[in-house]
Amino acid sequence: MSEITSSIPLQINPDLQEERDKASFNVTELTHIIYGGIEKTKKRKRLEKLLFSDPFFQEYQNVRAFGSRSEYYAASVKKSTKIFKLRRQHKWTDEEYETVLDICHDDLALTLHHTMFIPALERLATEDQKSKWLTLAKQYKIIGTYAQTELGHGTYLQGLETTATYDPQTREFVMNTPTLSAMKWWPGSLGKSSNHALVLATLIISGKKYGMHPFLVQLRSMDDHKVLPGVRVGDIGAKMGGNSVDNGYLILDNVRIPRNNMLMKNAQVSPDGKFVTRGPSKANYATMMLIRVQICTMAYQVVSSGATIGIRYSAVRRQSKLDPQDREPKILEYQTQQYKIFPGLAMSYAFLFASRSLTRKYEEAFAEIQRGDFKSLPELHCLSSGLKSFCSEHSVRQVEIIRQSCGGHGYLNAAGLGMLVNAAAPMITVEGENTVMYLQLARYILKRFAGAMSGQQLDGSTSYLSMDPATYVCPVMSETDCRNLTALCDIYRYRSYMTVCRVARQVQHDMESDMPQHVAINKNLVDLVRAAKAHSYYIVVKDFVEGVDALVASAPVIKVLRTLCCFYAAHGIAEYSGDFLESEAVGLHQLKWIKNLQVSLLGEIRPDAVALVDAFDYHDITLSSALGCYDGNAYERLFKSTENDPMNKEEVHPSYYQYLKPFMEEMNKSKL
Ligand SMILES: CCCCCCCC(=O)SCCNC(=O)CCNC(=O)[C@H](O)C(C)(C)COP(=O)(O)OP(=O)(O)OC[C@H]1O[C@@H](n2cnc3c(N)ncnc32)[C@H](O)[C@@H]1OP(=O)(O)O
Ligand SMILES: Cc1cc2nc3c(=O)[nH]c(=O)nc-3n(C[C@H](O)[C@H](O)[C@H](O)COP(=O)(O)OP(=O)(O)OC[C@H]3O[C@@H](n4cnc5c(N)ncnc54)[C@H](O)[C@@H]3O)c2cc1C
């Protein structure tokens with residue numbers, strides 16, 4: 001009788017324990033740094049315990065893995081409502097609620113209610129409107145979504161076709177979807193869940209268009225959830241990932257809403273149809289900026305989860321031979337394996353510091369904006385656009401590399417990596433498609449560069465554009481200098497400066513050659529995006545270096561973070577060496593030294609790799625990966641995962657009786 005069973009051993013896999021035993025630093029200390037202190041870590045643990053003591057959270061994993069789309073959606077609605085109830089019961093703050101979402105690590109059916117609907121009401125409604133709608137939304141007496149994107153337009157907001165025409169006779173807006181391409185298409189929680197939507201539509205008064213404004217529209221009856229007259233709403237279909245969310249379509253046919261349902265913080269329509277604005281013209285774009293900032297944090301969570309799975313698995317998987325006399329090594333010993341996974345590990349810490357810095361800037365600017373001071377808005381818009389694009393692009397790419405690094409098992413749903421990649425992929429598209437957002441940053445950088453050229457003293461993230469390039473000497477003079485974080489940061493800064501400078505001069509030259517501005521810009525779009533990427537890379541490296549420099553921590557923690565920071569910067573220079581050489585930020589000698597350093601740092605990070613991912617302190621249910629579990633019993637967990645698979649419920653699958661059996665019988669009788 002075979003002794004092979006799917007029971008999970010009680011002890012930690014010795015290969016993983018061995019890694020933990022040799023860590024050079026205190027993992028708990030680093031965990032506290034990651035979560036912002038002991039109290040916050042403890043609070044997170046308490047929330048984790050509260051959530052995961054409910055068996056539903058375990059069952060949910062099964063539905064997610066094996067349920068139909070409809071079952072998955074239903075389970076996700078159940079999960080959302082459970083969380084909403086807990087939120088009310090425990091009076092969670094926004095921060096605590098966000099922690100809960102991090103712990104759940106999955107798109108919830110009703111996510112948009114908190115991530116966009118409520119923030120939009122907070123940012124776009126007047127105080128009177130808030131006291132009505134925000135209160136109802138916070139008490140879950142209405143459930144809403146943010147319906148902006150249309151079938152024909154997502155990026156180009158000025159092209160939105162949904163109309164809100166003011167009727168002064170009845171003091172109502174008449175909401176319409178005039179064409180097929182005008183139907184709302186994509187909003188999360190719209191198809192089946194929400195009974196209200198914040199519809200972004202072009203305001204029309206007496207035949208004149210006044211741009212995009214927000215209107216609160218009731219979609220479904222509050223008694224039986226039936227769709228109201230004039231409204232057509234449904235789900236847009238299955239997606240690559242995120243199928244717990246009912247992204248929807250919406251068609252409005254002469255739906256009348258009271259005048260007060262236009263959110264009027266930034267612009268008002270008086271009862272007799274007069275239009276007045278307050279604040280900057282882009283004030284109605286405020287909710288998108290908030291989510292762009294949050295996407296940077298999400299990118300950190302995605303890449304750090306991927307790194308945790310990849311590193312733990314690589315420490316327990318043994319394959320092939322290094323030393324022919326020795327046993328098969330852990331695949332983590334192979335330099336190529338380290339080269340696939342450690343960039344994701346270093347990126348996790350880079351994005352942790354960068355997203356923290358961006359969030360701080362956002363909070364400061366938001367407080368100013370609330371006081372009516374909009375001076376930081378352009379800088380924040382561009383910084384968040386660039387970092388949203390940079391962090392999402394790099395994290396999604398890196399997690400896919402990590403998935404590949406787990407070989408065949410990485411392709412299984414039970415590995416958790418495919419789901420992670422598919423759920424993270426939309427970060428590249430949502431809240432402004434990355435290329436378009438990079439171009440928003442590029443436009444800002446060009447203006448700032450022009451300002452610097454005309455002698456303006458710049459501040460903020462672009463202040464370095466005032467530098468005199470003639471004074472630049474590569475700060476890496478010897479191999480040892482390569483470990484100097486400030487020197488590496490300077491190299492990024494100069495590369496960014498030169499990339500910006502080159503494209504700015506080219507655009508200027510093209511325009512001076514009588515090319516219309518839009519032609520000159522389009523001719524240089526690829527280089528403009530390159531400049532925005534170079535600037536974003538510099539900001540992330542700078543935030544990482546400054547973040548580590550400012551840390552108050554033990555020497556071993558500082559040491560390991562400096563090593564990671566150095567690796568992150570060196571790896572970027574090696575990966576994009578063409579750009580760094582072309583901009584003369586480094587010469588061939590320096591590049592060779594930096595590449596050598598990059599490789600030797602792989603070996604330095606290796607002993608601490610497991611401890612560095614343990615510090616993220618992800619719960620097994622959060623990671624949802626047989627390969628990345630804390631105990632390292634990957635094979636047992638993989639085998640165990642097959643038990644719940646409906647494919648294995650019967651010894652003989654019904655398809656045998658339906659198709660295979662008759663086919664075999666026919667073949668056996670055939671004389672051919
Ligand atoms: C939790 C995860 C859930 C995920 C849910 C996903 C939800 C969603 O996806 S909701 C839909 C998101 N949609 C988007 O993000 C749309 C992206 N498009 C846009 O934001 C705009 O169309 C955009 C910015 C590309 C162009 O805007 P447009 O009005 O044409 O302005 P544009 O002519 O380019 O710029 C005009 C000025 O406004 C500025 N500006 C543009 N946006 C902003 C802003 N948000 N804040 C401040 N200034 C801004 C520009 O910098 C520019 O300044 P300047 O004149 O000084 O150079
Ligand atoms: C999972 C998911 C959830 C979403 N949730 C919501 C939601 O809740 N609410 C909501 O309103 N929307 C939502 N959206 C829609 C999302 O915001 C849009 O898809 C996004 O803004 C991109 O717009 P688009 O689809 O029009 O892309 P497009 O603009 O059509 O992009 C296609 C290509 O055109 C290029 N392009 C377009 N314009 C330019 C330009 N000016 N310069 C250079 N290149 C350009 C882009 O770079 C891209 O390569 C969601 C989308 C997804 C995938």
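Me: How many bridges join strand 2 to strand 3?
Reply: This is a predicted model, so read everything here with that in mind. Strand 3 covers residues 172–176 and runs antiparallel to strand 2. The two form a hairpin with four residues between them. The number of bridges joining them is five.

Me: Which residue in the turn of that hairpin has a positive phi?
Reply: The turn belongs to the hairpin that strand 2 and strand 3 form. One residue there has a positive phi of about 55°, and that's Arg171.

Me: Which residues of strand 2 point to the buried face?
Reply: In a regular strand, side chains alternate between the two faces of the sheet. Strand 2 (residues 163–167) follows suit: Thr163, Thr165 and Asp167 point to one face and are not buried. Pointing to the other face, and buried, are Ala164 and Tyr166.

Me: What is the bridge partner of Tyr166 in strand 3?
Reply: Tyr166 is one of the buried residues of strand 2. Across in strand 3, its bridge partner is Phe173.

Me: Which residue in strand 5 stands opposite Thr163?
Reply: Strand 2 also pairs with strand 5, this time in the parallel sense and over three bridges. Thr163, whose side chain is on the face that is not buried, stands opposite Thr202.

Me: Is Ser206 buried or exposed?
Reply: Ser206 sits in the loop between strand 5 (196–205) and strand 6 (208–218). A residue counts as exposed with 12 or fewer other C-beta atoms within 10 Å. Ser206 has 9 such neighbours, so it is exposed.

Me: Which residues does Val276 touch, not counting those up to four places away in sequence?
Reply: Val276 is found in strand 11 (residues 275–277). With 9 other C-beta atoms within 10 Å, Val276 is exposed. Leaving out residues up to four places away in sequence, Val276 touches Ala267 and Gln268.

Me: Which helix gives the largest share of the shell around ligand 1?
Reply: There are 26 residues around ligand 1, and Leu157, Tyr285, His381, Val430 and Gly432 come nearest. Elements giving two or more residues to this shell are helix 7 (111–124), helix 9 (286–316), helix 11 (377–405) and helix 13 (434–453). The largest share is four residues, and it comes from helix 13.

Me: How many residues of the shell around ligand 1 are charged?
Reply: The shell draws at least three residues from each of domain 2 (142–278) and domain 3 (287–454 + 484–612). Sorted by type, 13 are nonpolar and ten polar, while the charged ones number three.

Definitions and conventions:
Residues numbered from 1 in each chain as written. Chains lettered and ligands numbered in written order. Predicted model: local features only at pLDDT ≥ 70, side-chain atom pairs only at ≥ 80, totals over all residues. Buried ≥ 20, exposed ≤ 12 C-beta atoms within 10 Å, placed from the backbone. Pairing = 2+ DSSP bridges. Contact = placed C-beta atoms within 7 Å. Near = placed C-beta within 6 Å. Nonpolar A, V, L, I, M, F, W, Y, C, P; charged D, E, K, R; others polar. Domains from an automatic or database assignment.
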